[in-house]
Amino acid sequence: MLEHSAFAAVGLTLKLAFLTSVLLMVLVTPLAWKLANWQHKLKPVFMSVLALPLVLPPTVLGFYLLVAFSPQSPVGEGWQWLTGHQLAFSFEGLVIGSFIYSLPFALQPLYSGFTQLDKRYVEVAHSLGFGKIETFFSIILPLCKAPFIVAFGLSFAHTIGEFGVVLMIGGNIPGETQVLSIALYEHVEALEYGQAHALSLGLLLFSFLLLTLLYRFNGKGGQGWSSISR
């Protein structure tokens, strides 16, 4: 049986994954559109910076985020002045860190979908007097439905499985920053293998089912998406 703390970790993890994924969809969509229509010699450099979390060890990214979130840094000091509490070892810090760490998992499918989109549809919409927002919801979103769902699903799944980054910037505070991966690590350290097996099996089944659904939907959607690996 799972303890109450494990259920709290499940709820916190789902909340973190949902908020992170929604923020990524809102903020990364215009960035992906801009990049898909931007031709410049510095574009590969810019894309490399955004894709760094794919290859950078999570502990490295987590360390620099921890330094940035500390009360001694301008970011951490400004946050504490505005909110009255520190950014490091807080749920808000986890959301920001998860956003940065999962950004490529949202960006790559959207970028791929926007590059494959026939821009003549957009041009026709503009010629008919459609504004940018109306064109997005009436033309771009329906035509790129599969990349949006894949981007959200990958962002959600990736956030669920985070460990290194959330451990560095959030620590292990039950009910505040103790997500599933941290709770699992704690059970293993305490030699509580029964609880560790239960959490691990749940994460394994969830990841498998979500990826199966994404592959199935993407196959029906007709638009490919970039291969992404940790």
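## Exercises on a predicted all-helix model

Phe 89 is found in the loop that connects α4 (74–83) with α5. The model used in these exercises is a predicted one.

**Exercise 1. Determine what is unusual about the backbone of Phe 89, and decide whether the residue is buried, partly exposed or exposed.**

Solution. Begin with the general expectation, which is that most residues other than glycine have a negative phi. Then look at the residue itself: Phe 89 is not a glycine, and yet its phi is positive, at about 60 degrees. For the second part, recall that buried means under 20% relative accessible area and exposed means over 50%, with partly exposed in between. Since the relative accessible area of Phe 89 is 36%, the residue is partly exposed.

**Exercise 2. Find which residue follows α10 with a positive phi, and describe its surroundings.**

Solution. Start with the helix, in which Leu 180, Ser 181, Ile 182, Ala 183, Leu 184 and His 187 are buried. Next, move past the end of α10, where Leu 191 follows with a positive phi near 60 degrees. Leu 191 belongs to the loop between α10 (180–189) and α11 (193–221). Finally, compare its accessibility with the cut-off: because the value is 59%, and exposed means over 50%, Leu 191 counts as exposed.

**Exercise 3. State how many helices and strands the protein has, and describe its overall dimensions and burial.**

Solution. Counting the elements gives 11 helices and zero strands, and reading them along the sequence gives the pattern α-α-α-α-α-α-α-α-α-α-α. The C-alpha trace spans about 65 × 45 × 30 Å along its principal axes. Of the 230 residues in the protein, 42% are buried. As a last step, consider how the chain meets itself: among contacts between residues at least 6 apart in sequence, 75% join residues at least 24 apart.

**Exercise 4. Work out how α5 and α8 are oriented relative to each other, and what kinds of residues meet where they pack.**

Solution. Two packed helices are described by the angle between their axes and the distance between the axes. For α5 and α8, the angle is about 160 degrees and the axes are 8 Å apart. Angles over 145 degrees count as roughly antiparallel, and α5 and α8 are therefore roughly antiparallel to each other. Their crossing is right-handed. Turning to the residues, α5 contributes Ser 98, Tyr 101 and Phe 105, among others, while the partners in α8 include Pro 147, Phe 148 and Leu 154. The residues of this contact divide into 11 nonpolar, six polar and no charged.

**Exercise 5. Identify which residues touch the most other members of the largest nonpolar core, and trace which elements build this core.**

Solution. The largest nonpolar core has 21 residues, and those that touch the most other members are Val 28, Leu 103, Leu 107, Leu 110 and Phe 114. Two or more residues each come from α1, α2 (43–55), α5 (91–116) and α8 (145–160), and the largest share, seven residues, comes from α5. To see one member in detail, take Val 28, which, leaving out residues up to four places away in sequence, touches Leu 23, Phe 99, Leu 103, Ala 106, Leu 107 and Leu 110. Apart from this core lies another, of 16 residues, among them Val 95, Val 165, Ile 169 and Val 179.

**Exercise 6. Describe the surroundings of Ala 17 and Thr 20, and then examine Lys 132 in the same manner.**

Solution. Ala 17 lies in helix α1, and Thr 20 lies in that helix too, which covers residues 4–36. Ala 17 is buried, because its relative accessible area is 0%, and Thr 20, at 0% relative accessibility, likewise counts as buried. Now list the contacts, leaving out neighbours within four places in sequence: Ala 17 touches Phe 156, Thr 159 and Ile 160, whereas Thr 20 is in contact with Val 95, Ser 98, Phe 99 and Thr 159. Thr 159 therefore appears in both lists. Ala 17 and Phe 99 are 82 residues apart along the chain, and their C-alpha atoms are separated by 9.4 Å.

For the last step, turn to Lys 132, which lies in helix α7 (residues 132–143). Lys 132 is exposed, because its relative accessible area is 74%. Lys 132 and Val 10 are 122 residues apart along the chain, and 39 Å separates their C-alpha atoms.

Methods: Residues numbered from 1 in each chain as written. Predicted model: local features only at pLDDT ≥ 70, side-chain atom pairs only at ≥ 80, totals over all residues. Heavy atoms only, no water. Helix = DSSP H or I, 4+ residues; strand = E, 2+ residues; numbered from the N terminus. Buried < 20%, exposed > 50% of the residue type's maximum accessible area, 1.4 Å probe, protein only. Contact = heavy atoms within 4.5 Å. Core = buried A, V, L, I, M, F, W, Y, C linked by side-chain atoms within 4.5 Å. Axes fitted to C-alpha atoms, helices over the stretch in contact; angles between N-to-C directions. Parallel < 35°, antiparallel > 145°, perpendicular 65-115°, else oblique. Left-handed = near helix turned anticlockwise from the far one by under 90°. Nonpolar A, V, L, I, M, F, W, Y, C, P; charged D, E, K, R; others polar.
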